[in-house]
Structures are given as C-alpha cells and as structure tokens.
Amino acid sequence: MSTTLPVTDTRVVIIGAGQAGLSVAYHLRRLGLVPAKDFVVLDRGPRPGGAWQFRWESLRLDTAHKVDDLPGMSELGVSFATADQTLPARDVVGDYYGRYERHFGLEVVRPVEVTRVARVDGGRYEVETNIGTVRTDVVVNASGTWARPFRPSYPGAETFSGIQISTPEYRTASDFAGLDVVVVGGGTSAVGFLLELENVASSTTWVTRRPVEFAMDEHSRVAAVERADAAARAGLPIPSVSSGTGLPASPRNVAGRDRGVLVDREMFSAIEPDGVRWADGSFQHADAVIWATGFRAELAHLAPLRLRESGGGVAVERGRSLRDPNIFLAGFGPQASTIGANRAGRLVATQIMDALAAQNARAT
Ligand code: FAD
C-alpha cells in the first residue's frame with residue numbers, strides 16, 4: 001500500500017520521528033491535539049526507530065552512552081534500562097519506538113521525505129514532501145543529524161587509495177579484518193570502533209583534535225550542554241558535547257586505555273595514497289580511515305525560511321527559532337541527546353500550545 005498524507009491542512013507538522021519528534025508528539029497529544037488531524041508526524045525512515053534503525057549491528061545499548069526512555073514509556077511496561085543488552089540497539093530501539101507509536105496512536109506517516117518548507121500567505125507554512133503538500137500553522141523540525149556526517153578536509157584525502165568511511169557507513173568490524181585502520185575523532189563512536197577492531201584489524205591508530213581524557217563527570221557534562229545552548233542562542237555552529245566533556249571513565253574504556261588500544265595521538269597533517277603523515281614527518285600506513293568526526297543538523301529543507309545567521313548557525317532558544325516563533329527545532333544543539341530530546345518534547349509542545357492559542361485569539 002502506498003503512503004498517503006492523512007490531511008493536507010493541519011495545525012502542526014513534525015518532521016522526524018526520532019526521540020525528539022516522538023517526544024513532541026506525545027506531549028501535544030497529552031495537551032489535547034489529535035494525531036493525524038491537529039498534528040502530523042512525517043518520517044523518512046522505512047521503519048520506527050529514528051536514526052537508531054540505521055546504526056551498526058554490533059552497537060548495544062550498554063555500549064552506547066545511555067538511552068533515556070521516551071516520556072510515558074513506562075505505560076508500555078518497557079524501559080531501555082532493563083532491555084535485553086545482548087540484542088542490537090537498533091532492533092531494541094526500533095521495537096520500543098514502534099510500540100510507543102502504536103500505544104499512543106501517534107499515526108506517524110512513513111516513509112515520506114520533507115523536501116521544502118516555505119512561508120505562504122497568512123503567516124502559514126507549506127510543507128512539501130515527495131508524496132504531496134501539507135499546509136500548517138507551526139512546524140517542528142526534528143530531523144536529527146544522521147544523514148549529515150561531518151568530515152574535516154585534509155590535504156591529500158582524495159589521493160588515498162584505501163577505504164574511507166564516515167560513522168553512518170560503518171557496518172561491522174570484519175570489514176576491516178587484517179587491515180591497518182586509522183580512526184579519527186574523540187567521541188563515543190570512535191571509541192566503539194577501536195574496541196571492536198582491536199583483535200580484528202591488523203593495527204589501529206587513534207587520532208583526535210584534542211587530547212582525550214577519560215574523566216567525564218556530571219559537572220563537565222552540564223557545562224558542555226550550557227556551551228552548546230549559548231552557541232544555539234547566538235546562531236553559531238554548535239560545539240560537540242564530547243569535545244567539552246571528555247569521555248566516560250567506564251571500566252571498559254579505562255581497560256581499553258590500559259591495554260593501549262584507546263591511546264590517542266594528535267591529528268595527522270596530510271593524507272597520502274597509502275597512509276597518513278604527521279607534521280613531524282612520521283607516517284602510519286593505512287588501508288582504511290574511519291571518520292568518526294561528528295555530525296551537522298540536517299536543515300536543507302528549511303532553506304526557504306532563511307533562518308541562518310551570519311555566524312553560520314540557526315539561532316534557537318528553548319527549541320524555538322529566534323527569527324520565526326512558529327518554527328521549532330527539537331533535538332537541536334543542546335537537545336541533541338535522548339534526554340535532551342525528551343526535555344525538548346515538553347518545552348516545545350507547551351510553547352506550541354501558546355502559539356496556537358495566540359493564533360486562535362487573533363482569528364476571532
Ligand atoms: P533522529 O533519531 O536522527 O531522528 C530524526 C528522524 O527524522 C529520522 O527518523 C529521520 O529519518 C527523519 N528525517 C530527517 N530528515 C527528514 C526529512 N527531510 N523528512 C522526513 N523525515 C526526516 N544519545 C543518547 O542520549 N544516548 C546514546 O547512547 C547515544 N548514542 C549515539 C550513538 C551514535 C552513533 C550517534 C550518532 C548518536 C548517539 N546519540 C545518543 C545521540 C542521538 O543522536 C540522540 O540521542 C537521539 O537519538 C537523536 O534523536 P533525534 O530525534 O534528534 O534524531
């Protein structure tokens with residue numbers, strides 16, 4: 001059966017059914033809006049699970065940071081904290097999100113891709129998709145970052161004769177069996193790859209922009225989220241949270257460091273056909289380079305709204321665009337974690353209800 005839009009005119013369109021989009025939908029429903037009538041959730045993925053459905057097979061919930069439960073998920077009698085840690089995280093998250101959508105009747109429409117959001121007369125918006133157009137009063141963008149991995153440029157990258165991939169292209173360690181692998185990036189994904197490759201690759205080399213510390217604590221995490229929040233309000237590029245926090249000093253990470261697998265060195269300065277070279281002239285042979293170097297928000301479909309500031313970012317406070325108060329960005333900047341996305345749900349939904357009430361008052 002082909003996918004169709006349930007309505008062509010609504011009050012709120014939510015773009016994306018990951019943790020952020022589902023959380024907003026849950027709160028809107030609780031506040032009295034009717035799914036598939038007053039609001040519509042549009043998602044490009046073929047199945048429930050947001051970006052999690054595309055993560056590599058070997059990623060488990062207990063090796064991810066910590067996946068917070070969606071709001072109200074306890075009603076379903078499930079929790080990520082007690083989920084089967086032996087199953088792939090992508091399957092567990094996909095399963096739980098799917099049950100959640102059904103339980104709360106969120107009526108997510110998929111697969112449907114939003115291609116363009118533009119203003120139309122009367123202060124409303126037209127949301128164009130590959131299966132039709134919806135008019136709406138409010139737009140919530142919760143499109144995540146998975147489709148926009150960031151890869152920094154280094155001289156010679158195009159001459160490299162081996163494999164170069166970014167995080168979303170990683171499938172399994174066995175793809176790198178017997179290879180010399182360079183892993184770039186100072187976050188959780190890089191650490192996960194290095195540990196998986198330990199006894200599979202011929203060698204691993206870890207390079208990071210800043211020296212890695214295994215010392216993350218609550219204080220540094222809060223400080224990093226505050227820095228991301230300040231950047232979002234100022235419309236500046238968002239700093240990565242892990243670059244400000246260090247990585248968790250978990251027994252697994254500390255043991256990896258002690259075995260010499262999780263020992264980083266500074267970034268190389270150039271890439272050559274068969275390896276990478278540092279500024280001091282030293283060279284590491286490489287058959288593969290894995291770029292675990294973060295992501296950028298996927299916002300191209302919002303371009304007609306002209307939300308970008310001269311600093312290059314989109315100015316957002318409490319999940320709301322500072323340029324256009326009827327545009328919300330959930331899961332953006334400081335909200336880019338499952339707990340942040342959850343908080344965004346309540347915060348954004350409450351502001352949406354206020355915005356709709358103000359529009360109703362103007363119309364009468
Ligand atoms: P997503 O889950 O990316 O959902 C966005 C949805 O929008 C997707 O379904 C996508 O298909 C859809 N979409 C995008 N563009 C369009 C469009 N134009 N039209 C229609 N639909 C569209 N966070 C944690 O808190 N704990 C962790 O353990 C953790 N591990 C992570 C591991 C990795 C490898 C990565 C990359 C991130 C991890 N994160 C983790 C961060 C994680 O991204 C967030 O926690 C959270 O899942 C993001 O939710 P989201 O709803 O913002 O985005």
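This is a short tour of a predicted model, moving from its domains to its nonpolar cores and then to its ligand.

**Stop 1: the two domains**

Start by colouring the chain by its domain assignment. Select 12-147 together with 295-363 for domain 1, and 157-291 for domain 2. Taken over C-alpha atoms, the centres of domain 1 and domain 2 are 29 Å apart. Now look at where they meet: 20 residues of domain 1 are in contact with 20 residues of domain 2.

**Stop 2: the largest nonpolar core**

Next, show side chains and select Val 12, Leu 197 and Ile 352. Within the largest nonpolar core, which has 68 residues, these three touch the most other members. Keep your domain colours on here, as this core draws at least three residues from each of domain 1 and domain 2.

**Stop 3: around Val 12**

Which residues are in contact with Val 12, leaving aside its neighbours within four places in sequence? Select Leu 28, Leu 33, Asp 38, Phe 39 and Val 40 to begin with, then add Thr 136, Val 138 and Val 140, and finish with Ile 352 and Leu 356. You have already met Ile 352 as one of the core residues that touch the most other members.

**Stop 4: a second core**

Now select Ile 15, Leu 305, Leu 329 and Phe 332. They are among the members of a second core of 25 residues, separate from the one you just left.

**Stop 5: the ligand**

Centre the view on the ligand and show what surrounds it: 32 residues, the closest being Asp 43, His 65, Lys 66, Val 114 and Thr 338. Try colouring this shell by class, and you should find 14 nonpolar, 12 polar and 6 charged residues.

Turn on backbone atoms for the last step. A polar backbone atom of Gln 19 is 3.0 Å from a ligand oxygen, and one of Ala 20 is 2.9 Å from a ligand oxygen. At Ala 51, a polar backbone atom is also 3.0 Å from an oxygen of the ligand. To finish, switch to a surface view: on its own the ligand has 980 Å² of accessible area, and the protein covers 90% of that.

Notes: Residues are numbered from 1 along each chain as its sequence is written. This is a predicted model: local features need pLDDT of at least 70, side-chain atom pairs count only at pLDDT 80 or more; totals for chains, interfaces and linings use all residues. Side-chain values use heavy atoms; hydrogens and water are left out. A nonpolar core is a set of buried Ala, Val, Leu, Ile, Met, Phe, Trp, Tyr and Cys residues joined through side-chain atoms within 4.5 Å. Buried means under 20% relative accessible area, exposed over 50%, partly exposed in between (1.4 Å probe, protein chains only). Domain bounds come from an automatic or database domain assignment. Contact means heavy atoms within 4.5 Å. A residue is near a molecule or strand if one of its heavy atoms lies within 4 Å of it. A polar contact is a pair of N or O atoms within 3.5 Å; within protein, one must be able to donate a hydrogen and the other to accept it, and residues adjacent in sequence count only if both atoms are side-chain atoms. Accessible areas come from the Shrake-Rupley method with a 1.4 Å probe; for residues, only the protein chains shown count as cover. Ala, Val, Leu, Ile, Met, Phe, Trp, Tyr, Cys and Pro count as nonpolar, Asp, Glu, Lys and Arg as charged, and the others, Gly among them, as polar.
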